[in-house]
Amino acid sequence: MIEYQGEKITPKKAAKEIIHEILTEAYDWSQNSSCGQEIYEKLTDREQILIYEQVKKLVLRINLRYL
């Protein structure tokens, strides 16, 4: 067992926690992604919103399906 935040968890649970954290960081795609940083500089406000909405949909879909 692996100790995480004061409790023992399985490797599967540890992997889920790691992936969940990485996916949560995806919401800040314009800062946490080299691709996002490059694209962000060239986007209109509307395009930024549309990308954010798509990222949000994908993160939620992955969370619901796999985590």
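In what pattern do the helices and strands follow one another along the sequence of the protein chain? Read from its start, the pattern is β-β-α-α-α-α. This is a predicted model in which local features need pLDDT of at least 70 and side-chain atom pairs count only at pLDDT 80 or more, while totals for chains, interfaces and linings use all residues. Residues are numbered from 1 along each chain as its sequence is written, and side-chain values use heavy atoms, with hydrogens and water left out.

**View 1. The whole protein chain, with four helices and two strands.** Helices (H or I, at least four residues) and strands (E, at least two) are DSSP runs, numbered from the N terminus. The radius of gyration is 15 Å, well over the 11 Å that the globule rule gives for 67 residues, so the protein chain is more spread out than a compact globule. Here the radius is taken over C-alpha atoms, and the rule is 2.2 Å times the number of residues to the power 0.38. Along its principal axes, the C-alpha trace spans about 50 × 20 × 15 Å. Buried residues make up 16% of the 67; buried means under 20% relative accessible area, exposed over 50%, and partly exposed in between (1.4 Å probe, protein chains only).

**View 2. Glu17 of helix α1 and Leu67.** Helix α1 covers residues 11-25. Glu17 and Leu67 are 50 residues apart in sequence, yet their C-alpha atoms are 8.7 Å apart in space. Glu17 is partly exposed, at a relative accessible area of 24%.

**View 3. Tyr27 and Tyr52, one of two aromatic pairs.** Rings of Phe, Tyr and Trp (its six-membered ring) pair if their centres lie within 6.5 Å; planes under 30 degrees apart count as stacked, over 60 as edge-to-face and the rest as tilted. The pair of Tyr27 and Tyr52 is tilted, with 6.2 Å from centre to centre and 45° between the planes. Tyr27 sits in the loop between α1 and α2 (29-32) and Tyr52 in helix α4 (residues 45-66), so the pair links distant parts of the chain, 25 residues apart. Both rings belong to partly exposed residues, Tyr27 at 23% relative accessibility and Tyr52 at 36%.

**View 4. Trp29 and Tyr40, an edge-to-face pair.** Their ring centres are 5.9 Å apart and the planes meet at 70°. Trp29 lies in helix α2 and Tyr40 in helix α3 (residues 34-40), so the pair ties together parts that are eleven residues apart in sequence. Trp29 is buried, with a relative accessible area of 12%, whereas Tyr40 is partly exposed at 33%.
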